[in-house]
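Please work through the exercises below with the sequence and the 3D structure open beside you, and try each task before reading its solution.

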Amino acid sequence: MTVRSIEQYRIDLRDRLIEAAIRQFGELGFDGASTRAIASGANTTMSNITYHFGSKRGLFCSAEVAIASRLGQVVTKAIAEVLSSDASNAQRLDQICGVLRRIGTFMLTDEAKPMALFVSREQQNPQSIIRKYMRREFNNVADIFAREIRQIRTDLSYEGCRMIVFFLFGMAVFLRSSRLSLCVFMDVEDINQEMSKALLARLDGIARGAICGEPV
C-alpha cells in the first residue's frame, strides 16, 4: 500500500469506529456500550480503538464531536441562503420554512436515527461535550432565525422570537426523536415516503402559522 492509501485506510477505519460507536452509545449509553462490540461493528480489533482514540472515553468524545459536526453541516447548509435585509416578509417566511423542511427531511432519514438516540441521552448530561459543540453550532443559527422572524413579527420581543425558533426546531427534531410514538399514533409500522411528504407539509403549515401568529 502507498502512504496515501494507508492514510485513507486509517481515516476510513476511524470513521467506521465512530459510526459503530454512535450506534452503541446511543442504544446502550456509555456504561452499557462495549468496546469489543464497537470494534466488531467496525469490522476491526479493539486495539484500533486505543490507537485512534486512546480509550473508550476518547472514542465517546470523538463520537460527540462527529454528531455535532454532522448536525452543524445540515443546519449550516440549510441556512446558506439567508435573505438580505430588504427581503419581503413572504420571502423570509418561505426561506425559514424551507430550512425547517430540509432539517425535517434529514430527521426522517436512517442516518439520523443513531444520532438522535445518542443526543437524546446526552440532553440530560449538563457536562456533555456535545452541549458545547451544539451551542457553538446552533446559537448563531437561532440568532439568524430570530432576527428573520422579528422582521415579520414586529410585535414580538427578540426573546419571544427565539422561543418560536426553539419550538420550530423541536417540531423538526420530533420527526425522529418521537418516531415510534408517531407510528403508534398514526397506526402504521413505519413512515413511508408518502407519509413523510405529508408530515413535512404539515410541519410547513404549522411553522407558517406559528410565525405569523395565525391559528393552524
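The exercises that follow concern a predicted model, and each task is followed by a worked solution.

**Exercise 1. The overall fold**

Task: Determine how many helices and strands the protein has, and state what percentage of its residues count as buried.

Solution: Begin with the secondary structure, where the protein shows ten helices and zero strands, so that the pattern read along the sequence is α-α-α-α-α-α-α-α-α-α. Turn next to burial, for which the result is that 42% of the 216 residues count as buried. Finally, consider the contacts with a sequence separation of 6 or more, of which 65% are accounted for by residues 24 or more positions apart.

**Exercise 2. Packing of α8 against α10**

Task: Decide how helices α8 and α10 are oriented relative to each other, and classify the residues in their contact.

Solution: Two packed helices are described by the angle between their axes and the distance between the axes. For α8 (residues 158-177) and α10 (residues 193-212), the angle is about 170° and the axes are 11 Å apart. Because angles over 145 degrees count as roughly antiparallel, α8 and α10 are roughly antiparallel to each other. The contact is made by Ile 164, Leu 168, Met 171, Ala 172 and Leu 175 on the α8 side, and by Leu 199, Leu 200, Leu 203, Ile 206, Ala 207, Ala 210 and Ile 211 on the α10 side. Sorted by class, this contact of α8 with α10 comprises twelve nonpolar residues, with no polar and no charged ones.

**Exercise 3. Two partners of α5**

Task: Work out how α5 is oriented towards α10 and towards α8, and describe each contact by residue class.

Solution: Take α10 as the first partner, against which α5 (residues 89-107) packs at an angle of about 140°, with the axes 9 Å apart. That angle makes α5 oblique to α10, and α5 passes α10 in a right-handed crossing. The residues of α5 in this contact include Leu 93, Asp 94, Arg 101 and Thr 105, while those of α10 include Asp 204, Arg 208 and Cys 212. By class, the contact of α5 with α10 has ten nonpolar, two polar and four charged residues.

Continue with α8, whose axis comes within 7 Å of the axis of α5, the two crossing at roughly 25°. This makes α5 roughly parallel to α8, and their crossing is right-handed. Here Leu 100, Ile 103, Gly 104 and Met 107 of α5 meet Leu 168, Phe 169, Ala 172, Val 173, Leu 175 and Arg 176 of α8. The residues of this contact of α5 with α8 divide into eight nonpolar, one polar and one charged.

**Exercise 4. The nonpolar core and two buried residues**

Task: Identify the residues with the most contacts inside the largest nonpolar core, and then decide whether Gln 24 and Phe 138 are buried or exposed.

Solution: The largest nonpolar core has 58 residues, and those with the most contacts inside it are Phe 25, Ile 38, Leu 59, Ile 67, Leu 71, Ile 149 and Ile 211. Leaving out residues up to four places away in sequence, Leu 59 touches Leu 17, Ile 18, Ala 21, Phe 25, Ile 38, Ile 49 and Phe 53.

Gln 24 has its place in helix α1 (residues 3-32), and at 16% relative accessibility Gln 24 counts as buried, because the cut-off for burial is under 20%. Beyond its neighbours within four places in sequence, Gln 24 is in contact with Gly 29, Ala 33, Ser 34, Ala 37 and Ile 38. The C-alpha atoms of Gln 24 and Ile 38 are separated by 6.7 Å, although these residues are 14 residues apart along the chain.

Phe 138 belongs to helix α7 (residues 129-152), and with a relative accessible area of 18%, Phe 138 is also buried. Not counting residues up to four places away in sequence, Phe 138 touches Leu 71, Gly 72 and Val 75. Phe 138 and Leu 71 are 67 residues apart in sequence, with 9.2 Å between their C-alpha atoms.

**Exercise 5. Positive phi in two loops**

Task: Establish where Asn 43 and Asp 187 lie, and decide whether Asn 43 and Asp 187 are buried or exposed.

Solution: Most residues other than glycine have a negative phi. Asn 43, which is not a glycine, has a positive phi of about 60° and lies in the loop between α2 (35-41) and α3 (47-53). Its relative accessibility is 69%, so Asn 43 counts as exposed. Asp 187, likewise not a glycine, has a positive phi of about 60° and lies in the loop between α9 (179-186) and α10. At 70% relative accessibility, Asp 187 counts as exposed.

Notes:
Residues are numbered from 1 along each chain as its sequence is written. This is a predicted model: local features need pLDDT of at least 70, side-chain atom pairs count only at pLDDT 80 or more; totals for chains, interfaces and linings use all residues. Side-chain values use heavy atoms; hydrogens and water are left out. Axes are lines fitted to C-alpha atoms, for helices over the stretch in contact, and angles run from 0 to 180 degrees between N-to-C directions. Helices (H or I, at least four residues) and strands (E, at least two) are DSSP runs, numbered from the N terminus. Angles under 35 degrees count as roughly parallel, over 145 as roughly antiparallel, 65 to 115 as roughly perpendicular and the rest as oblique. Contact means heavy atoms within 4.5 Å. Ala, Val, Leu, Ile, Met, Phe, Trp, Tyr, Cys and Pro count as nonpolar, Asp, Glu, Lys and Arg as charged, and the others, Gly among them, as polar. A nonpolar core is a set of buried Ala, Val, Leu, Ile, Met, Phe, Trp, Tyr and Cys residues joined through side-chain atoms within 4.5 Å. Buried means under 20% relative accessible area, exposed over 50%, partly exposed in between (1.4 Å probe, protein chains only). A crossing is left-handed if the near helix is turned anticlockwise from the far one by less than a right angle, and right-handed if clockwise.
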